[in-house]
Amino acid sequence: MRQDRSEPIGPVDGRKVPRFAGSSSFARIPEIDRVGDYDVAVLGAPFDSGTSYRPGARFGPMAVRQASRHLRPSHHVELNSAPFSEIQVVDAGDVAVTPFSIDDAVQQIADHAADLTSGGRTVIAVGGDHTVALPMLRSTVRQHGPVALVHFDAHLDTWDTYFGAPYTHGTPFRRAFEEGLLADETSIHVGIRGPLYARTDLSEDASMGFRVVPAMDLETEGVAGVVERVRARVGDAPVYVSIDIDVLDPAHAPGTGTPEAGGLTSRELLGILRGMAGLPIVSADVVEVAPAYDHAEMTSIAACHAAYELLALMASESRRNDVE
C-alpha cells in the first residue's frame with residue numbers, strides 16, 4: 001500500500017468539466033504518472049485471443065472507460081463511502097499485449113500486474129477475455145499466497161482444453177487449481193447456467209474444490225441468501241473477485257462473447273457485490289465486454305459500475321484497516 005498518505009487526487013469534477021469532455025481514463029481518475037503513489041490501479045488488458053465464440057473483447061477496456069465517464073463517483077450511497085477520497089486510485093493504461101501468442105500474452109499480463117501490485121498495492125483488470133484471470137491470479141498470489149476465488153459467470157471456466165489449447169477463456173480456473181493458486185475449499189461460482197458439454201463437467205469442477213450458485217437460485221434465495229453462501233465459503237481467506245459480464249442476462253449485457261439466457265440482473269450483481277463489504281479483496285477483474293455486440297453501451301455501463309463497486313469495497317476495507 002502507498003507510503004504517501006497525502007490527500008488522494010480524485011476524478012475530474014463533472015460539475016466543472018462536462019462528463020462528455022476531458023480525460024478518457026476510467027471514471028476520469030488520474031493516470032498513473034500523475035501521482036506519486038497509489039493504492040489501486042485500474043489496468044486494461046485488451047486481449048481476446050483465448051475467445052471460443054464471438055471475438056471483440058480486446059476493445060473492452062476502451063469501451064468500459066468510455067462508459068465510465070457517466071459515473072458520479074464521489075459518493076457511494078449504499079456503502080456510504082467516498083472511495084476516491086479514501087484511497088488513491090489511478091488508471092494504469094493498458095498492457096501492451098500481443099494478439100498473436102496466448103502464452104506470451106499471459107506472461108505479459110502477469111508481469112505487468114506484478115509490477116503494479118508491488119508493495120501491497122491492488123489491481124483491477126478490465127478485459128479482455130477471461131483468459132486474463134489466470135495471469136492476474138498468478139500476480140496476486142505472488143503477493144498474498146493462495147486466494148479464495150469468487151467467480152461471477154454463466155460458465156464454469158474449469159474445462160481442460162479447447163481444440164488442444166490449455167490457455168483459453170474457458171480454462172483459467174482449472175489451470176489456477178493445478179498451479180495451486182486457490183486456497184483449499186474456499187472458491188465459488190455465482191450465476192452458472194445453460195447446458196454443458198457433459199454431465200461430468202460439474203463433478204470435475206467440484207473435485208477441484210469449487211461450489212456453484214446457479215443463476216436460478218437467485219429466484220429462491222435472493223441476493224441476501226447468495227451473499228450468505230459466498231461469505232461462508234470464502235471465510236477469512238484473501239479474496240480474488242472475477243466478474244465475467246456474461247453473468248448478466250443478455251437483456252442486461254448483450255455485448256459479450258458467449259451470452260446465455262437466464263442470467264442475473266444488474267441490480268442482483270451489484271447487490272451481491274455490496275454484500276461482500278468487509279471481505280479482504282486483494283485483486284479483481286471485470287472481463288468479456290465485447291462492444292461490437294453492445295447496444296447503447298448497456299454492457300459497458302454494467303461493467304464500469306461493477307468495477308466501481310469493487311473500488312468502493314476496497315476503499316471500505318482500507319478504511320476499516322486504518323481504524324483497526
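# A walk from one tryptophan to the whole sheet

Let's start at Trp 159, which is buried, with a relative accessible area of 12%. Please keep in mind that everything described here comes from a predicted model. Buried, in this text, means a relative accessible area under 20%, while exposed means over 50%, so the 12% of Trp 159 puts this residue in the buried class. Its aromatic partner Tyr 197 falls in the other class: at 63% relative accessible area, Tyr 197 is exposed.

How do the two rings meet? The centres of Trp 159 and Tyr 197 lie 5.7 Å apart and the ring planes stand at 85°, which makes the pair edge-to-face. Now look at where the two residues sit. Trp 159 belongs to the loop between β4 (148-152) and α5 (172-178), and Tyr 197 to the loop between β5 (187-192) and α6 (200-207), so their pairing ties together parts that are 38 residues apart in sequence. Tyr 162 joins them, and Trp 159, Tyr 162 and Tyr 197 form one aromatic cluster. The model has 3 aromatic pairs in total.

The loop between β4 and α5 also holds Phe 163. Its backbone has a positive phi of about 50°, although this residue is not a glycine. Is Phe 163 buried or exposed? With a relative accessible area of 90%, Phe 163 is exposed. Another non-glycine residue with a positive phi, near 55°, is Glu 185, found in the loop between α5 and β5. Glu 185 counts as partly exposed, at 44% relative accessibility.

From these loops we can step into the strands. In β4, 5 of the 5 residues are buried, so this strand is largely enclosed by the rest of the structure. In a regular strand the side chains alternate between the two faces of the sheet. You can follow this in β4: Ala 148, Val 150 and Phe 152 point one way, Leu 149 and His 151 point the other way, and all are buried. β5 is likewise largely enclosed, because 6 of its 6 residues are buried.

β4 has a partner on either hand. It runs parallel to β5, to which 3 bridges join it. Across that pairing, Val 150 stands opposite Ile 188, and His 151 has His 189 as its bridge partner. With β7, β4 pairs in the parallel sense over 5 bridges, and here Phe 152 has Ile 243 as its bridge partner.

Now zoom out to the sheet. It is open, is built from 8 strands with parallel pairing, and follows the order β2-β1-β3-β8-β7-β4-β5-β6. Its edge strands are β2 (89-94) and β6 (210-214), each of which pairs on one side only. From one strand to the next, the twist averages 15°. Towards the β2 edge, β1 (residues 40-45) pairs with β2 over 4 bridges, in the parallel sense, and Ala 41 has Val 90 of β2 as its bridge partner. Helix α4 (residues 133-144) lies across β3 (122-127), β7 (239-244) and β8 (281-287), and runs at about 170° to β8.

The loop between β3 and α4 is worth a look, since this is the place of Gly 128. A cis peptide bond joins Gly 127 and Gly 128, with omega at about 20°.

In soluble globular proteins, nonpolar side chains tend to be buried together. Which residues touch the most other members of the largest nonpolar core? In this core of 56 residues, they are Phe 26, Phe 152, Val 239, Val 241, Ile 243, Leu 273 and Met 276. Helix α9 (residues 298-323) supplies the largest share of the core, with 12 residues. A second, separate core has 33 residues, among them Ala 45, Val 90, Val 123 and Ala 125. Two names from the strand pairing return in the largest core: Phe 152 and Ile 243, which are bridge partners across β4 and β7.

Phe 26 is a good residue to click on. Leaving aside residues up to four places away in sequence, Phe 26 touches a list of residues that includes Val 42, Val 64, Leu 71, Cys 304, Ala 307, Tyr 308 and Leu 311. Its contacts also include Arg 65, Ser 68 and Asp 91.

Finally, two arginines come together with tyrosine rings. The charged end of Arg 54 sits over the ring of Tyr 293, 4.2 Å from the ring centre. For Arg 121, the charged end sits over the ring of Tyr 38, and the distance to the ring centre is 5.4 Å.

Conventions. Residues numbered from 1 in each chain as written. Predicted model: local features only at pLDDT ≥ 70, side-chain atom pairs only at ≥ 80, totals over all residues. Heavy atoms only, no water. Pairing = 2+ DSSP bridges. Helix = DSSP H or I, 4+ residues; strand = E, 2+ residues; numbered from the N terminus. Axes fitted to C-alpha atoms, helices over the stretch in contact; angles between N-to-C directions. Contact = heavy atoms within 4.5 Å. Core = buried A, V, L, I, M, F, W, Y, C linked by side-chain atoms within 4.5 Å. Buried < 20%, exposed > 50% of the residue type's maximum accessible area, 1.4 Å probe, protein only. Phe/Tyr/Trp six-rings, centres within 6.5 Å; stacked < 30°, edge-to-face > 60°. Lys NZ or Arg CZ within 6 Å of the ring centre and 35° of its normal.
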